[in-house]
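Please open the model in your viewer and keep the selection tool at hand. We will go from one selection to the next, looking at what is there each time.

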Amino acid sequence: MVSSVPPQLDVTFPDVDSAGRVAGTDTPAHAGAAAPAGPLSEVRAGERVIVVEVGLDAELAGWLGAMGLGPGQTLTSIRRAAFGGPLHVRTGSGGELAINASLARSILVAPLPSQRRVG
């Protein structure tokens with residue numbers, strides 16, 4: 001298993017109490033907190049994510065990394081095929097790939113922080 005967390009990605013999460021609030025506050029856990037990482041297979045069309053971990057053997061993980069699907073690399077989900085078919089993604093370098101649904105479940109991603117426009 002290849003695992004790497006890029007330094008610009010904060011994957012620490014607040015302690016959450018049983019009511020779903022940040023421990024010791026009245027703030028809902030989802031308010032202002034980074035969204036948790038999840039499998040690429042759950043990403044909706046149009047979402048941009050960063051690869052956190054590839055849970056596959058080293059040879060396959062290395063091949064995916066060379067294709068633009070390694071830890072620290074960004075992806076944009078373009079579309080999802082019906083009935084659990086492949087996920088069409090664009091890599092940060094512009095390559096486009098169709099990823100089998102079971103393979104996509106082995107790739108852990110996190111949402112990119114929203115980018116605000118200044119001006």
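**A stop at serine 77**

Begin by selecting serine 77, and look for a polar atom of its side chain that lies 3.5 Å from the backbone oxygen of arginine 44. A polar contact is a pair of N or O atoms within 3.5 Å, where, within protein, one must be able to donate a hydrogen and the other to accept it, and residues adjacent in sequence count only if both atoms are side-chain atoms. This is a predicted model, in which local features need pLDDT of at least 70 and side-chain atom pairs count only at pLDDT 80 or more, while totals for chains, interfaces and linings use all residues. Residues are numbered from 1 along each chain as its sequence is written, and side-chain values use heavy atoms, with hydrogens and water left out.

Serine 77 belongs to strand β4, residues 74-80 (strands are DSSP runs of E, at least two residues, numbered from the N terminus). Is serine 77 buried or exposed? Serine 77 counts as buried because its relative accessibility is 3% (buried means under 20% relative accessible area, exposed over 50%, partly exposed in between, with a 1.4 Å probe and protein chains only).

**On to the loop**

Next select phenylalanine 83, in the loop between β4 and β5 (87-91). Phenylalanine 83 counts as exposed, because its relative accessibility is 87%, and it has a positive phi of about 60° although it is not a glycine.

**Last, strand β7**

Finally, select residues 107-111, strand β7, which pairs with strand β2 (residues 38-39) in the antiparallel sense over two bridges (two strands pair if DSSP finds at least two bridges between them). Within this pairing, glycine 38 has valine 109 as its bridge partner in β7. Strand β3 (residues 48-54) also runs antiparallel to β7, joined to it by five bridges.

How values were computed:
Helix = DSSP H or I, 4+ residues; strand = E, 2+ residues; numbered from the N terminus.
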